[in-house]
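This briefing is meant to be read with the structure open beside it. Its points are grouped by topic, from helices to individual loop residues.

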Amino acid sequence: TDLLAGELEHARERWAQIEVELDLKTRAGFVTLLPCRLAYVDALLGNLDDARRWLASSRERGAEDAANRAVIEAWETAAEAVVACRADEPGKARARFAERWRALEDAATGEVLRPLRVLRAFAIHAASNGADGAEVERVLAPVREHAGRELLHLAARWPAMRAFLAERGLG
C-alpha cells in the first residue's frame, strides 16, 4: 500500500477522498477505520492538530464497532504515540504503550505489530534520553528478525525516527 511504501501524502489524499465519499451512516468496517488511519498518517506527516482531530473522530465513530475495536485501538495507539513523540512528549507515548502493550500484542501481528514495536522503542529511547538502551533493544529484537518494508513509512517524513532507525541498522 501507499502507506507502507512511505508515500504518506498519497495515502492521506486517497483515504481523505474515501472519507468524503462515504456513507457515514454505515458504522462498521472500513468506515470506522478511516479516522484512526488518517490520524496516524497526519501524525507521521507532522500535522499534529489534524491528527488529534482525527483521533477524536475515531473514538466517536469507532466506539460502536465491536468487531474492529482491537484494530482501531492499535491504530489509535500508534497515532497517539507519534503525536506525543513529535510533540516532544515521549513519556506519554511510553506510558500509553506500557498500559496497552499486552492487548496490542494479542490483537496485532506481523506487519502491524512491527511498526508498533518500533514506535514503542522510539518512545522508550526518547523518554529516557537514550538511557534505557537495553529495554529498547529488547523491544526491537523481534523486529530485527523479520524487518521488512513495513518500517519505511515511519521515517518517510520524520527525521528523528529516520535517525533512530539508521542508528539501529533498521533504516
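The expected span of a helix is taken as 1.5 Å times one less than its number of residues. The model discussed here is predicted, and that rule is applied to its helices before the core, the aromatic rings, the cysteines and some single residues are taken up.

**Helix α1**

- Helix α1 (residues 8-21) has 14 residues, which at 1.5 Å a residue should span 20 Å, and its end C-alpha atoms are indeed 20 Å apart, so the expected and the computed spans agree.
- The residues of α1 that are buried are Leu8, Ala11, Trp15, Ala16 and Glu19, and these cover an arc of only 125 degrees around the axis, which places them on the same side of α1.
- Turned away from that buried side is a face of α1 that carries the exposed residues Glu13, Val20 and Glu21.
- An α-helix has 3.6 residues a turn, so residues three or four places apart point the same way.

**Helix α3**

- Helix α3 (residues 48-62), with 15 residues, reaches 20 Å from its first C-alpha to its last, which is close to the 21 Å expected at 1.5 Å a residue.
- Buried in α3 are Leu48, Ala51, Trp54, Leu55, Ser58, Arg61 and Gly62, and because the buried residues of α3 fall within an arc of 140 degrees when seen down its axis, they line one face of the helix.
- Arg53 and Glu60, by contrast, are exposed on the other side of α3.

**Nonpolar core**

- The largest nonpolar core has 54 residues, and those with the most contacts inside it are Leu3, Tyr40, Leu116, Val118, Leu119, Met161 and Phe164.
- Leaving aside residues up to four places away in sequence, Leu3 touches Leu8, Ala11, Trp15, Tyr40, Val41, Leu44, Trp75 and His153; among these partners, Leu8, Ala11 and Trp15 are also buried residues of α1.

**Aromatic rings**

- The count of aromatic pairs comes to 5, and in one of them the rings of Phe97 and Trp101 have their centres 5.8 Å apart and their planes at 70 degrees, so the pair is edge-to-face, the term used when the planes are over 60 degrees apart.
- Phe97 and Trp101 both lie in helix α5 (residues 90-107), where they are 4 residues apart, about one turn of the helix.
- Phe97 is buried, with a relative accessible area of 0%, and Trp101, at 7% relative accessibility, likewise counts as buried.
- One aromatic cluster is formed by Trp15, Tyr40 and Trp75, and each of these residues also appears among the contacts of Leu3.

**Cysteines**

- The count of disulfides comes to 0, and Cys36 is in no disulfide, the nearest cysteine sulfur being that of Cys85, 18 Å away.
- Because a disulfide requires sulfur atoms within 2.5 Å, Cys85, whose nearest cysteine sulfur is that of Cys36 at 18 Å, is in no disulfide either.
- Cys36 is buried, with a relative accessible area of 0%, and Cys85 also counts as buried, at 10% relative accessibility.

**Loop residues with positive phi**

- Most residues other than glycine have a negative phi.
- Asp88, although it is not a glycine, has a positive phi of about 65 degrees; Asp88 sits in the loop between α4 (69-86) and α5 and is exposed, with a relative accessible area of 68%.
- Asn129, which is not a glycine either, has a positive phi of about 55 degrees; Asn129 belongs to the loop between α6 (110-127) and α7 (133-146) and counts as exposed at 74% relative accessibility.

**Ala156 and Ala160**

- Ala156 is placed in the loop between α8 (152-155) and α9 (159-167), and at 27% relative accessibility it counts as partly exposed, since that category lies between the limits of 20% and 50%.
- Not counting residues up to four places away in sequence, Ala156 touches Gly6, Leu8 and Arg162, while from C-alpha to C-alpha Ala156 and Ile124 are 21 Å apart in space and 32 residues apart in sequence.
- Ala160 lies in helix α9 and is partly exposed, with a relative accessible area of 40%; the C-alpha atoms of Ala160 and Arg138, which are 22 residues apart along the chain, are separated by 20 Å.

Definitions and conventions:
Residues are numbered from 1 along each chain as its sequence is written. This is a predicted model: local features need pLDDT of at least 70, side-chain atom pairs count only at pLDDT 80 or more; totals for chains, interfaces and linings use all residues. Side-chain values use heavy atoms; hydrogens and water are left out. Helices (H or I, at least four residues) and strands (E, at least two) are DSSP runs, numbered from the N terminus. Buried means under 20% relative accessible area, exposed over 50%, partly exposed in between (1.4 Å probe, protein chains only). Contact means heavy atoms within 4.5 Å. A nonpolar core is a set of buried Ala, Val, Leu, Ile, Met, Phe, Trp, Tyr and Cys residues joined through side-chain atoms within 4.5 Å. The arc is that of the directions from the helix axis to the C-beta atoms. Rings of Phe, Tyr and Trp (its six-membered ring) pair if their centres lie within 6.5 Å; planes under 30 degrees apart count as stacked, over 60 as edge-to-face and the rest as tilted.
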